[in-house]
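Okay, everyone, thanks for coming. I'd like to walk you through one model today, starting with a helix and then moving on to the cores and the empty spaces.

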Amino acid sequence: LTKAGIALHRRAVAILGEVEGLRTDARRVNAAPLPLLRIALLASIATTLAPALSVLARKNFGIPELSLFAGLATDHVALLRARRADLAVTSGELFEIEGLTRYPVMTEKFLLVTPKGFAGDVGDLVKLSKKLAFVRFSRETPVGLRVDQHLSRLRIEVPRAMEGDRSSVVMAPVAAGMGFAVLTPTLLIDGLAEGMEIDVHPLPFTSLSRNILL
């Protein structure tokens, strides 16, 4: 070796030694259980999933503490960007955040939800809106925006009557016989858990669905 080659060899041996030490440290860290796991969840499934997630984290992964954030897909963007959440179970693709690994969980169709025992025609939303108020998610929510855009594309104009930002708030007037709504199965969970009674029908127009991802 030349003098430059000897110097390079000496430094290379030291650098490779550091790399191997880093690998060993990384294996040691990965082998230890996380002290805390922070999960952002869709508000509509957070209450139902919380007990099971706590048991899963503790028994299967040795994680002693779980921190759950319930909210909308837009809330999840802020939590992940600020690194206040490690995982998010969400309905948004979150393409605005780079470096995320995405795992599809399920695809669910939107459904027409009416009061229990409602005997009117459910084949036309415009006619239905003359008998029942259309209860919908507000436009500031991802679900509300999706439904509004879909109805606009189909040129279905239904008067705005009532709206809310949580699934149980939207579902309550329907269960009380005051209106109808367009919701997905997971958006029904909280209301059903609270004992709300409703009828569910396929949408009377072109199907609409959403993806839930981890």
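So, which residues of α2 are buried? Before I answer, a reminder that this is a predicted model. The buried ones are Ala 43, Ser 44, Ile 45, Ala 46, Leu 53 and Ala 57. Now, what do they pack against? There are strands, namely β1, β2, β3 and β10, and there are helices too, α6 and α7. If you want to find these on the screen, α2 covers 43-61, β1 is 36-42 and β10 is 209-213.

Stay with α2 for a moment. Where is the kink in this helix? Look at Leu 49: the axis bends there by about 55°, shortly before the proline Pro 51. And just after α2 comes Gly 62, with a positive phi of about 65°.

That brings me to backbone angles. Most residues other than glycine have a negative phi. Two arginines here go the other way. Arg 83 isn't a glycine, yet has a positive phi of about 55°. You'll find Arg 83 in the loop between α3 and β3, and Arg 83 counts as exposed, at 69% relative accessibility. The other one is Arg 155, with phi near 60°. Arg 155 is in the loop between α5 and β7, and with a relative accessible area of 77%, Arg 155 is exposed as well.

Okay, on to the inside. In soluble globular proteins, nonpolar side chains tend to be buried together. In this model the largest nonpolar core has 28 residues, and Leu 125, Val 147, Phe 180 and Leu 183 touch the most other members. Which elements supply at least two residues each? That list is β5, α4, β6, α5, α6, β8 and α7. The largest share comes from β8, with four residues.

Let me zoom in on Leu 125. Leaving out residues up to four places away in sequence, Leu 125 touches Leu 112, Leu 151, Ile 156, Val 158, Phe 180, Pro 204 and Phe 205. Apart from the core of 28 residues there's another core, of eleven residues, including Leu 37, Ala 46, Leu 53 and Ile 63. You've met two of those names already: Ala 46 and Leu 53 were on the list of buried residues in α2.

Next, the empty spaces, beginning with the closed ones. How many cavities of 30 Å³ or more are there? The count is two. The largest has a volume of about 130 Å³. There are 16 residues lining that cavity, and the closest to its centre are Leu 42, Leu 72, Val 143, Leu 187 and Arg 210. Both α2 and α5 supply at least two residues of this lining. By class, the lining has eight nonpolar, five polar and three charged residues.

The second largest cavity is about 50 Å³. Phe 134, Val 135, Arg 136, Phe 137, Val 143, Gly 144, Val 147, Asp 148 and Val 182 line this one, with β6 and α5 each giving at least two residues. Notice Val 147, which lines this cavity and also turned up among the residues touching the most other members of the largest core. The lining here divides into six nonpolar, one polar and two charged.

Last stop, the open pockets. The largest has a volume of about 400 Å³. Of its 19 lining residues, Ile 39, Leu 53, Leu 56, Leu 87 and Leu 214 lie nearest the centre. And which element gives the most to this lining? Our kinked helix, α2, with six residues. So what's the chemistry like, by class? The lining has 18 nonpolar residues, one polar and no charged.

The second largest pocket holds about 320 Å³ of space. Here 18 residues form the lining, and Ala 73, Ser 91, Gly 92, Pro 142 and Arg 146 lie nearest the centre. The elements supplying at least two residues each are α3, α5 and β10, and α5 gives the most, with five. By class we get eight nonpolar, six polar and four charged. Put that beside the lining of the largest pocket, with no charged residues.

That's my tour. Let's open it up for discussion.

Terms used. Residues are numbered from 1 along each chain as its sequence is written. This is a predicted model: local features need pLDDT of at least 70, side-chain atom pairs count only at pLDDT 80 or more; totals for chains, interfaces and linings use all residues. Side-chain values use heavy atoms; hydrogens and water are left out. On a 1 Å grid over the protein atoms alone, a cavity is a set of points where a 1.4 Å probe fits but cannot get out, and a pocket is an open set with protein on both sides within 12 Å along at least five of seven lines; lining residues have an atom within 4 Å of a point. Grid points are joined across faces, edges and corners, and a volume is the space filled by probe spheres set on the points. Ala, Val, Leu, Ile, Met, Phe, Trp, Tyr, Cys and Pro count as nonpolar, Asp, Glu, Lys and Arg as charged, and the others, Gly among them, as polar. The bend at a residue is the angle between axes fitted to the seven residues ending there and the seven starting there. Buried means under 20% relative accessible area, exposed over 50%, partly exposed in between (1.4 Å probe, protein chains only). Contact means heavy atoms within 4.5 Å. A nonpolar core is a set of buried Ala, Val, Leu, Ile, Met, Phe, Trp, Tyr and Cys residues joined through side-chain atoms within 4.5 Å.
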